[in-house]
Amino acid sequence: MAKQAVSFTVNGQPRCVEAYPMRRLLDVLREDLTLTGTKEGCGEGECGACSVLFNGKLVNSCLVPFAQAAGATVCTIEGVGQHGLHPVQAAFITEGGAQCGICTPGMILATIDLLARHPAPTLEQIREGLAGNLCRCTGYMRIFAAVQKAAGIQAKHADPFS
Amino acid sequence: MRSFISEYEFVTARHLPGALQILSSGAGWRSIAGSTDLMVLFNAGKLPCRRFASISEIEELRRIEASDDWVTIGAAATYSEIRESATLQAEFPLLCQSASWTGGIANQNRGTLGGNIANASPAADSAPVLLVYDAELELQSTAGRRLVPYANFHLGYKQMQLQADELIVTVRLPRPSRDLRQYGRKVGTRKAQAISKVSMAATAAVENGTIVDLRIAFGSVAPVPLRCKETERVLRGERLTPSLRERAQQTLLLEIAPISDIRSTSEYRAMVAANLLGEYLEKLG
Amino acid sequence: MEYRLVGTAVPRKEAGRKVSGTAAYVDDVRLPEMLHGITVRSTIPRGYIRKITFGEGIPWHEFVIVDARDIPGKNIVSLISDDQPFLAADRVNHCEEPILLLAHGDKYMLERARQNIHIEYEPLPAVFNIDDALTGQTVVWGDNNVFKRFTIQKGDVDAAWSDAAFIIEGEYSTGAQEQLYIEPNGMIATAEAGSVTVRGSMQCPFYVQKALMALFNLPAEKVRIIQQETGGAFGGKEEYPSMLAGHAALLAWKSGKPVKMVYDREEDMAATTKRHPSKTRHRTAVSNEGRLLAMEVDFSIDGGAYATLSGVVLSRGTIHSCGPYRCDNIRVRSVAVATNAPPHGAFRGFGAPQSLFALERHMNKIARTIGLKPDEFRARNLLRPGDSTATGQVINEPIELVRLQSRALDLIDYHEKRRRFTLENARSSRKKGIGFATFFHGAGFTGSGERYLQSVVMLEARAQDHVRVLTSMTEMGQGTYTVLAQIAGETLGISYEQVEVTNPDTAEVPNSGPTVASRTAMVVGKLVENAAREMKAKLADHDFAALGPLRVTVQYKEPPGIFWDDERYRGEAYGAFSYATYAAEVTVDTLTGEMEMNDFVAVQEVGRVLHPVLATGQIEGGVAQGIGLALYEKVVWCEGVMVNNQMTNYVMPTSADIPNIRVYFEEIPYEHGAMGAKGIGELPMDGPVPAILNAIEDAIGIAFDHAPVLPEDVLAKLTARRVA
C-alpha cells in the first residue's frame, strides 16, 4: 500500500504530510510534525491524553486514521497560548491543575472545548466535559478549580486551614 | 500500536454511489466512519480487514431530517450531532440520552449511529433504544435499496442482516402518535465512559392505570439486543399492580440469557434487568 | 510561624512546560539513528523454555536480537534479594517474564516480528494465591515459597484472652491494584566506548545505576542515568525501571545505536508491578469498658514470582497493622509469599493501605459487637502522648487524635446524617451511609533505613542570586522541584525564582536516596534546609570571580533518640507519623448494587504544610486512588496473567465518579522535618478504602471485607439476604 499525501491545517499553519493512510493522526503529529505535546496514554480512546481539536471539536487522535484528516483544521496544545498564556493554561498553573503533567495537554484542550460550549459551566457540566480525560494524580479537584477560574466563576472551596 | 500499518488500504468516498461501488467490488472493502470501534481494534493488532472506504465525507449520510411520519437520521451522524438535534430531543429523548452514554465527549464527536449498529455488539448503547422506537434501517448497495426493521437486523452474536456490499444509509424512526412514558437506563462499570453491563429502554402508553401499549428492550442480556416480547405480552392491556410487576419480572428472567464475562456476571445482569424493569413499572404506576 | 515562601502557593517550577506541552517525557525524545526495542515475553506462568523458533517472512538479519547469553555482567536485577533475572535463560516463573529483546528501526516491523516468534515450553505446576503458596505443596521459590517473615511482640498476648469480655475475630483481604500512571514505562539507552547512558521515566536514578553497573560489570562513572519528565509513578516506577533500562541498554550495547523502548498500555499493565494482594486475620481481646486488651494479627501478602521489594512492603504493612491505638499486648506475624504472578511491587502506601484497611474494618466490627459507636470505641483506644505503638515507639508530640477524629466527623456531619439516613433509608431503594477510618502513616525509611541510605544533597551557588539544588529526588507530579526550591529560597533569603532545581542526572547529583516512602520533603528537604543554612553563612562573603561557584554538601545524620531493633522489630520505626481521620458518605442503589460517593472529608495532621495547593492536591489525588481501590479497580486474573489489561476493562474513576473531596490540615511542626514538615504523599492512600467500606456497611448493613467491592458483590449479598 502506498503512502498518501494529506494536506491539513495544524495550529493555523498549512501542512502536508506523506504517510500511510491508516497511520494514526497522533503519530503524524508527534513524529512527522514533531509536535510532541499530544501524548499517548492508552491507544484505546479511553484516557484522552491524545485529545486534540479537530475541526473545532475535541477528538482522540489515537483513533483518527490520518487520511480522514484531509482538509481538517487541527489544534494541538502547541497551538494554545501562542501569543501569551491562554487563560486556561494560566488557571491550570495557579490552581494546581497539573501535577505530573502527562494528562495536561489533553485536559487543557478538553477544557477549551468545554468552555466554548458552556462558557459558565456548572460543576456537573465540567464533570461531564472532562470525563473522557483521565487524571491519575490530581483526583480532579484542582482541575475543576482551574476550569472554574478560567471561566471566571468564583469557586467556593474549603479553606484548608479553617 | 500493534498493527502493520503499511498493509492497510484506505480510500475516501465523497458520494454515496462511489462508496457503494467500492463495497460491491468484491475485493474485501469495508466502510469506516468515526473509527472509534475499528481504530481500537487496529491499535490492538486485532483488525483483520485490510481495506477501508471512509464515508465520513458523504454529507447526505449526516443529515437529520423530519417528515410528517418519520425522523430520518443519516448513518454517519455522530453522537454529538444526535444529542444536539432539537427534533430528536423533543421526540426521541432516549436516543439523545443513549448518545450521551457512549464514551466521553471526544468519542461522541466522532462515533456514529451507523457505526454503533454495524459493530453489532449486544452491549451497544443505541440498540435497545432503536428497538423500542421501532427503528427501520435503510440499506443500500449497487443492487438497490431495502428497508429492514431494526428488530430483524441482528441475527446472532455479531451477525447481522448486512451483506458485504451493503451500507447502512439511514436510520428512520416513526414519529410518535401519542404521549409515551419513556425510560432509559444504563448500568455500566462507572458513571461515565463505561461499557454497559445492562441497559434498558422502554416506552409505554398508559391510560387510567392500564398499559395500552409498550415496548421493552435490553442490551447485554442476550447475544443480540433484545426486544422482550414475552414480557410485553404479560403487560400489554393490564392494570399496573405489584403482582403484575412481579409476573413481568419473572417472565423477563426467562426471556433473557445473560452471560458472565470480563465485566460482570450472568446473575448480576439478570437481577439488574429485573430490577430496572421493576423500577420502570413502579414509575408508570 | 509566618514564612515568606514556605506555606505559600508559588507556581509549580515546571508548570509552564507542562501546560504548554513542552515538557519532555521519554517518548518525546528522539536521537539520531535511534532504533526501537521490544520485549518477547513468556506466555506461561512457570516452566522450562524448550525451543524458540523465528518465523517465516521476517527479515531477521535486520534485527538486533538479545538473549541472556548477551549479558556482559550478571543476569540479575540488583535490588535486595538478587533473584530476578533481566532475561529468562532456560526457565520462566511468571507470565510476561522477559525472554528476548528485539530492536529495529521500524516499530511496526518490530511488533510484527514479535508476533512471529514461537516459543515452546514444558510447563510446570504453578501457584496463584497466598493460601496455596503457604501449603508448600508446590514450591516455586526458595525452600518454601516464603520471601520474608516478621514477628512483632509486645506484652503478653496469650495471657490476655482469659480476661477478655469479648474476643472478636475477622478476616480481610485486598486484591492487586495497578498504578495506572498515564505515561507508560519507557527508556532510551545509548552505549558507546564502554559506557552506558539511559534516560527515562523513573523514580530512582541511583537504583537504575546500581542495577546497570552489575548488568554490564561497569563502574559508576561509566553508567549515567538521567530522569526525564515522568508522567506519574506512584511507586510503579520505583524498581521496574531498572529492568526496562537494562533491556534498552543491552540492545544499545549490542547494536551500537541508541534504542528507545516504550511500553504500550496493554504490556505495561500485564507485565509490570502492581500493589501486593493481601490477607489479614485479626483476633482481638476487648474489655467490658471497650479497651483493647490484646491484638493478634496475621498479615500476608502475595509477592509474585520474585522477591523485589516484598520484604520491605511486608515490613511497612506489619508495622502499621495495629494502627494508632494503644494496646499493651500485641502479636503480629506476617509473611510475604511467592506465587507465579508477575512480581508485585511498590504502590503508594506500600503495605500500609492493606493492613490499615483490615484494622479499620475490624475496629468497626468490634464496635458493633460490643455495642459501642465506632467513634466512641476508637476514642477509648486512640494513642495519646506518652503512649507507645505496636513496636514500642513512644508518641512524643502533642497530638490529640480524639479531637482530630471528632473534627472530621463534625465536618461531615456524621452523627446527624446517620440519624437522618436511618429514617430515610427505610423509605428508599437508594440507601445512604457514612463511614470513617482513623489512621497514621510513618514517613521516611523504616528504622535505621535513612541512616543506611546516607543521603547527600548539594547546593551550588553560581552567583549571590542564583543557587542550584542538586539532589537525586525526582519530580513525578508531587512537587519535588517546587518544595525544595521553597525551602532553599526561604532559608537563603533569596527569591523562589532564583533557586534552580532540575531533573537528576547521576553524573551531576549526589545520591540523596530514592524518591519513595514520603521522604522527599521531610527528610531530603531537611538536608536542603541544613545545606542552605550553611551556605547562607558563607554566601555574602564568597568571591565568585576568584573562587568560582560556592558548593555546600550535607549528609544525613540520624536525629538523636532513634533506636530501632531490626531483629526484634522494636523501637522507633519512623521519625514521624502523620495522623488522619477520613470520612466518606456513600449511596448504595439496591436495585443495581452501584455505589456512589457523595462526600469525602480528609482531616490530617502533617507537621507543616509547605505548599497549600500542592499538599491539597496530594491528598485529593491519593483519595481518588483509594476510591479506585475501594470500588472500581479489580485486576482480573486467569492462570497467572491479568486479562483486563486495557483501560476499557480496568476501571479507574473519571471526573464524574469522584465526589467533592474536602481537605483540612493541622500542624504540629516536626523538628527534624524540613521547616517542620512530615511526609504526606502516601498517607491519603490508607484511609479511603476502610472509610468507604464502613460507609457501605452503614448504608445496607452488609459487611464487605474484601476490596474492591463491586456492584456484583453488593447485589449478590442483598439478594441472599432477601432470600434468607
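## How the chains meet, and a small sheet in chain C

Helix 11 of chain B and helix 20 of chain C lie roughly perpendicular to each other, because their packing angle of about 70° falls within the 65 to 115 degrees that count as such. Please keep in mind that this is a predicted model.

Let's stay with this helix pair for a moment. Helix 11 covers residues 266-284 of chain B, helix 20 covers residues 711-723 of chain C, and their axes are 10 Å apart. The crossing of helix 11 of chain B past helix 20 of chain C is left-handed. The table shows who takes part.

| Helix | Residues making the contact |
|---|---|
| Helix 11 of chain B | Glu267(B), Tyr268(B), Met271(B), Val272(B) |
| Helix 20 of chain C | Pro711(C), Glu712(C), Leu715(C), Ala716(C), Thr719(C) |

By character, the residues of this contact are six nonpolar, one polar and two charged.

Chain B also touches chain A: 28 residues of chain A are in contact with 25 residues of chain B. On the chain A side, strand 4 (57-60) and helix 4 (123-130) are the elements that each give two or more residues. Strand 4 of chain A provides the largest share, four residues. The chain A side divides into 13 nonpolar, eight polar and seven charged residues.

Now to the sheet in chain C. Three strands form an open, antiparallel sheet in the order 4-2-6. Strand 4 (91-92) and strand 6 (117-123) of chain C each have a single partner strand, so one side of each is left without a neighbour in the sheet. Strand 2 (residues 47-54) of chain C pairs with strand 6 of chain C over seven bridges. Within strand 6 of chain C, His118(C) is the bridge partner of Thr53(C).

Methods. Residues numbered from 1 in each chain as written. Chains lettered and ligands numbered in written order. Predicted model: local features only at pLDDT ≥ 70, side-chain atom pairs only at ≥ 80, totals over all residues. Pairing = 2+ DSSP bridges. Axes fitted to C-alpha atoms, helices over the stretch in contact; angles between N-to-C directions. Parallel < 35°, antiparallel > 145°, perpendicular 65-115°, else oblique. Left-handed = near helix turned anticlockwise from the far one by under 90°. Contact = placed C-beta atoms within 7 Å. Nonpolar A, V, L, I, M, F, W, Y, C, P; charged D, E, K, R; others polar.
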